Amino acid sequence: MSTRDIDVTNELTVFEDRFRETAAAFFREYERTRAAEPDTLTRVAGPMLRWAKAALGEGYADRLIEGYCFFVMEVNRAQKSYEKNGRYEYETFAAVYEKAYSNQDFMDLYHWGVYCSTFVWHHHLNIYKFFESHFLPLVAKKGEPGQLVDLGAGSGIWHLLALGHLSGWQATAVDISEPSIGMSTRMASTLPFAANVKHVCADATSWKPSEPMDAGISCFLLEHLERPQDLLGSLAGALKPGAHAFITCAITAAEIDHIYEFRRESEVLVLVESVGFRVKHMYSAEPETTPADRKYLPRSLAMVVQKRHNEIW
Ligand SMILES: C[S@@+](CC[C@H](N)C(=O)[O-])C[C@H]1O[C@@H](n2cnc3c(N)ncnc32)[C@H](O)[C@@H]1O
């Protein structure tokens, strides 16, 4: 076992012990995911826990667990209201800003909850597997290192996980939230490839690079926007023809800050094609625990797309 493996095992053990002790009911989901995907979980949770420790300090495990439990309760509350009313709670950015984004304590907890759901939720871990198996190899095929952009980067996990595989690549992380940028900058600063990440606080729907990029990522931002097509247009505009991008979004999955309701996978596909992408791979993942009698099946959609050279290609 290498020193790096020992580090990862230590972080996982600390996190698991605290999770089991302090939130046994929520820990069951983690145990189910670990039983199904032990290796993928270690590959994702290992580095993510180290990054969280770098950002939060010694009490990081308790903060993550508190955030995760808060997030799950909040998601369940929002989904229940959606089942009852047939629509998401808020439809405008302004309303969500007032209820959630402007509340720093709420957002701090929420942020770490979203972070943990990447590896605690089995269907989200499967999305990571899809990223690793269907997106990263296409990007790596380029041969020499290139430029990657992550729109709505949040904590930065997607481009940081990508850079772990893409030696020498540089990433630009774009996010509209100053606290998110601050957090991802702190996390990235502890990594050997820290100098390869640039952070930009800007609206991703209108952001433009100085030079076209070689690959793109935008995870779980589309459903937060009033006009998701603007983000897709901005992503397509930022890339070189032929470049690949990885896009994810939520479908019939309510959260306090989800305002654009996608009901079918095809709705996302049509938008993605309309801005100049070709869809190469698509994966729709749902939690195994949704009861069959529910009106909505909350799920997450992931796509690997390629920027077309012209209207036909
Ligand atoms: C649900 S989080 C997803 C974060 C990250 N991509 C992930 O999957 O873990 C959505 C992120 O998009 C950011 N965001 C919201 N509207 C944005 C906009 N117009 N431009 C750039 N970032 C935006 C938020 O600040 C937040 O960090």
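Student: Which strands does helix 7 lie across, and at about what angle does helix 7 run to strand 7?

Tutor: Keep in mind that this is a predicted model. Helix 7 covers residues 122–140, and it lies across strand 4 (213–219), strand 5, strand 6 and strand 7. Its angle to strand 7 is about 5°.

Student: What is the order of the strands in the sheet?

Tutor: Strands in a sheet pair through backbone hydrogen bonds, and that can be parallel or antiparallel. Here the pairing is mixed, and the sheet is an open one made of 7 strands. Reading across, the order is 3-2-1-4-5-7-6.

Student: Which strands stand at the edges?

Tutor: Look for strands that have a single partner strand, so that one side is left without a neighbour in the sheet. That picks out strand 3 (197–201) and strand 6 (277–285).

Student: Which residue is the bridge partner of Ile247 in strand 7?

Tutor: Start with the two strands: strand 5 is residues 239–251 and strand 7 is residues 299–307. They pair in the antiparallel sense over 8 bridges. In strand 7, the partner of Ile247 is Met303.

Student: Okay, on to the ligand. Which side chain has an N or O atom 3.1 Å from an oxygen atom of the ligand?

Tutor: Don't mix this up with the backbone cases. Gly152 has a backbone N or O atom 2.8 Å from a ligand nitrogen, and a backbone N or O atom of Ala204 also lies 2.8 Å from a nitrogen of the ligand. The side chain you're after, at 3.1 Å from a ligand oxygen, belongs to Trp158.

Student: How much of the ligand's accessible area does the protein cover?

Tutor: On its own, the ligand has 600 Å² of accessible area. The share of that covered by the protein is 89%.

Note on methods. Residues are numbered from 1 along each chain as its sequence is written. This is a predicted model: local features need pLDDT of at least 70, side-chain atom pairs count only at pLDDT 80 or more; totals for chains, interfaces and linings use all residues. Side-chain values use heavy atoms; hydrogens and water are left out. A polar contact is a pair of N or O atoms within 3.5 Å; within protein, one must be able to donate a hydrogen and the other to accept it, and residues adjacent in sequence count only if both atoms are side-chain atoms. Accessible areas come from the Shrake-Rupley method with a 1.4 Å probe; for residues, only the protein chains shown count as cover. Two strands pair if DSSP finds at least two bridges between them. Helices (H or I, at least four residues) and strands (E, at least two) are DSSP runs, numbered from the N terminus. Contact means heavy atoms within 4.5 Å. Axes are lines fitted to C-alpha atoms, for helices over the stretch in contact, and angles run from 0 to 180 degrees between N-to-C directions.
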